[in-house]
Amino acid sequence: MHSNDVSRFAWGALRGYPTRTLLMLVAMAIGVAAVVVLTALGEGARRYVVGEFTSLGSNLIIVLPGRSETAGVNPSTFMGETPRDLTLADAQALTRNRNVERIAPLNVGAADISWQGRQREVTIIGTNHDMLAVRNWELGLGEFLPDTDLELASPVCVIGSTIRDELFGARRAIGEWVRIGDRRFRVIGVLASEGRSIGVDVQETVLIPVASAQQLFNTPSLFRILVEVKSRDAITQVQQFIIRTLRERHQGEEDVTVITQDAVLATFDRIFSALTYAMGGMAAISLLVAGILIMNVMLVAISQRTSEIGLLKALGAAPQQIVILFLSEALLLSVLGASLGLLLGQLATGVLRQVFPALPAQAPLWAVIMALLVAVVTGVLFSLLPARRAARLDPVLALSRR
Amino acid sequence: MIEFREVNRDFQVGDQVVHALDTINLNIAAGEYASIMGPSGSGKSTLLNLIGLLDRATAGHYLLNGEDVTTLSDTQQAQTRNQQIGFVFQAFHLVPRLTAAGNVELPLILAGMPVEERRERVAQTLEALNLTDRAHHKPEQLSGGQRQRVAIARATVTEPKVLLADEPTGNLDHRSGRDVVEILEGLNRRGITLLVVTHDAELGERARRRILMRDGRIESDTGPDSERHAQQ
């Protein structure tokens, strides 16, 4: 039998039983679409996080109090356990390197903010003038924190646009005095509405000078020091400089963790890649289910088409030819179902991108190839048993059935 | 052409062994026209299935054109069926989704014949059976007689040496049945060996050799086709 004839016969058989064919196509398509959409979500999350970190500035070094034994990020990194304080003097010492472009010390806490009877709790970030450049934020109105001595606790603040809307509504915020905790601050700027940061919506925060934050929260210690390095090549050198400087300042004890943007990025990259693989794997189970459905429907098809199989045998079809005919049907079904699934998956991914523009959902190429491959292999493998059963049918019995 | 030597066919039914064919010795020469008659369960269809290589003997030997086909593999038997034997069934057994031409083309597709050649062969065969204008009709659009003619076209398109017909008029009205019989006899006159299994005494009597079966044995056989001998 020529391959053209085999595929024509298989196509004819599929068209001859439209309901059965449609059911199997849908099962296969859902399986493939699930793999495409879930891996697209995983990949989207990965790209989103990587993008967010990249927006922090690629030459960034983060200094945290406390020593973490392993490289990269661990839970304590985010919990802010503080065995020994990082101080403003420490931060200032870090500027004494020609490869350091700028630094931004951070002090974070929560406090109530109020204006004319309106009040809410906000995240307060104590920092300096350079924070704007370090984090690539943009100012919407007014000016940012003044470029003064770090120790100077000026009573000024820059607020996120959400805070501005909630406190002031349509009224002018710049120049107004707000109460934060037990102190008064004058609003000198409003952040532009784009800024988001990992885990924190910048628009829901209030920025004040770091020294003011230390007074407000009554603590001399810093939460982080962000150090921006002049060039990517100098990162290692500056990292060593930071460790050396702080060890000297902390009586010879290496009690800080210095992490680079790359290390954080690599960790998140690994986490989200693993997540994508896991989602792809879970979705692949639905392909397996589709395979089992194909096997069931093929078995039913064989009992429906017993007399046709008997006839083919009477006309001289060898057992292998019967196997090939049924496997070709399965192959055709799988390829069509998988293609349909791919189309559906890409469409759904496109809709996701439209609905959630922040999430760059896109199925990775490996997932697409694997989904197609698994679909086709599953479809054919699960049809082997029915096809062999068809080939073994007794032609006399098969012909006597209607 | 067809030679059965001590052929038995047993079936296991529950604990019992049923002897569907019991020590059959039979010789049918090329070009003969024989009918196989007998009551239900006499073994006539089993005999036809064995001749058509749709079934295997439990014991004994079957020689087709001098070759012992009893020991051939399934694939070899399939090939022999495709090249040397044509079947006409009572129930036509046309594939409903294929057109008349598509049905007739099937054995040639299985034989791997190139598409141009087989299209031509199908057209010739359909023309010989006055079915050219029905070539693109599906079975459901054909009358019973036309369906059986398509089935005959399918059985003869490979130019087999033996044509086996199992109750070929069983599902047809009298007139269509007569047409079909005339077609089959015409094929026999052109040299094909024709074996017809039937309950219909009138049809059975038309054959030049008449084999009567009972309880798995040949009860009577009018003997080799004298007309064929006369022709030779």
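1. In chain B of this predicted model, helix α1(B) is followed by B:L53, a residue whose phi is positive, near 60°. Most residues other than glycine have a negative phi, and the backbone just after this helix is therefore a reasonable place to begin a check of the torsions. The helix itself, which covers residues 44-51, has seven of its eight residues buried, and so it is largely enclosed by the rest of the structure. Those buried residues are B:K44, B:T46, B:L47, B:L48, B:N49, B:L50 and B:I51, and B:K44 and B:N49 accordingly stand in the list beside B:L47, B:L48, B:L50 and B:I51.

2. Two further residues of chain B deserve a look for the sign of phi. B:E159, although it is not a glycine, has a positive phi of about 55°, and its place is in the loop that runs between α5 and β7 (162-166) of chain B. With a relative accessible area of 57%, B:E159 is exposed, the cut-off for that class being over 50%. B:D215, likewise a residue other than glycine, has a positive phi near 50°; B:D215 is found in the loop between β9 (209-214) and β10 (217-221) of chain B, and at a relative accessibility of 61% it counts as exposed.

3. The packing of helix α5 (residues 144-156) of chain B on helix α6 (residues 174-189) of chain B can be described by the two axes, which come within 9 Å and cross at roughly 15°. An angle of that size makes α5(B) roughly parallel to α6(B), since angles under 35 degrees are counted in that class. The crossing of α5(B) and α6(B) is right-handed. On the side of α5(B), the contact is made by B:G145, B:Q148, B:R149, B:I152 and B:T156, and on the side of α6(B) by B:S176, B:V180, B:I183, B:L184 and B:L187. Sorted by character, the residues of this contact between α5(B) and α6(B) comprise five nonpolar, four polar and one charged. As background to the spacing of such positions, an α-helix has 3.6 residues a turn, so residues three or four places apart point the same way.

4. Chain A offers another helix pair, formed by helix α10 (residues 306-314) and helix α11 (residues 319-355), whose axes come within 10 Å and cross at roughly 135°. The two helices, α10(A) and α11(A), are therefore oblique to each other, and their crossing is right-handed. In α10(A), the residues A:I309, A:L312 and A:K313 meet A:I322, A:L325 and A:F326 of α11(A). The residues of this contact of α10(A) with α11(A) divide into five nonpolar, no polar and one charged.

5. A single residue of chain A may serve to illustrate a pairing that is distant in sequence. A:L64 has its place in strand β1 (residues 60-65) of chain A, and with a relative accessibility of 4% it counts as buried. Between A:L64 and A:R224 there are 5.0 Å in space, C-alpha to C-alpha, although the two are 160 residues apart in sequence.

6. As to the overall form of chain A, which has 13 helices and ten strands, the radius of gyration is 32 Å, well over the 21 Å that the globule rule gives for 402 residues, so the chain is more spread out than a compact globule. The C-alpha trace of chain A spans about 100 × 55 × 30 Å along its principal axes. Buried residues nevertheless make up 50% of the 402 residues in chain A, and of the contacts in chain A with a separation of 6 or more, 79% are accounted for by residues 24 or more positions apart.

7. Chain B, for its part, contains eight helices and ten strands. Its radius of gyration is 18 Å, close to the 17 Å that the globule rule gives for 232 residues, so chain B is as compact as a globular protein of that length. Along its principal axes the C-alpha trace of chain B extends over about 50 × 45 × 40 Å. Of the 232 residues in chain B, buried residues make up 55%, and among the contacts in chain B between residues at least 6 apart in sequence, 69% join residues at least 24 apart.

Notes
Residues are numbered from 1 along each chain as its sequence is written. Chains are lettered from A and ligands numbered from 1 in the order in which they are written. This is a predicted model: local features need pLDDT of at least 70, side-chain atom pairs count only at pLDDT 80 or more; totals for chains, interfaces and linings use all residues. Side-chain values use heavy atoms; hydrogens and water are left out. Axes are lines fitted to C-alpha atoms, for helices over the stretch in contact, and angles run from 0 to 180 degrees between N-to-C directions. Helices (H or I, at least four residues) and strands (E, at least two) are DSSP runs, numbered from the N terminus. Angles under 35 degrees count as roughly parallel, over 145 as roughly antiparallel, 65 to 115 as roughly perpendicular and the rest as oblique. A crossing is left-handed if the near helix is turned anticlockwise from the far one by less than a right angle, and right-handed if clockwise. Contact means heavy atoms within 4.5 Å. Ala, Val, Leu, Ile, Met, Phe, Trp, Tyr, Cys and Pro count as nonpolar, Asp, Glu, Lys and Arg as charged, and the others, Gly among them, as polar. The radius of gyration is taken over C-alpha atoms; the globule rule is 2.2 Å times the number of residues to the power 0.38. Buried means under 20% relative accessible area, exposed over 50%, partly exposed in between (1.4 Å probe, protein chains only).
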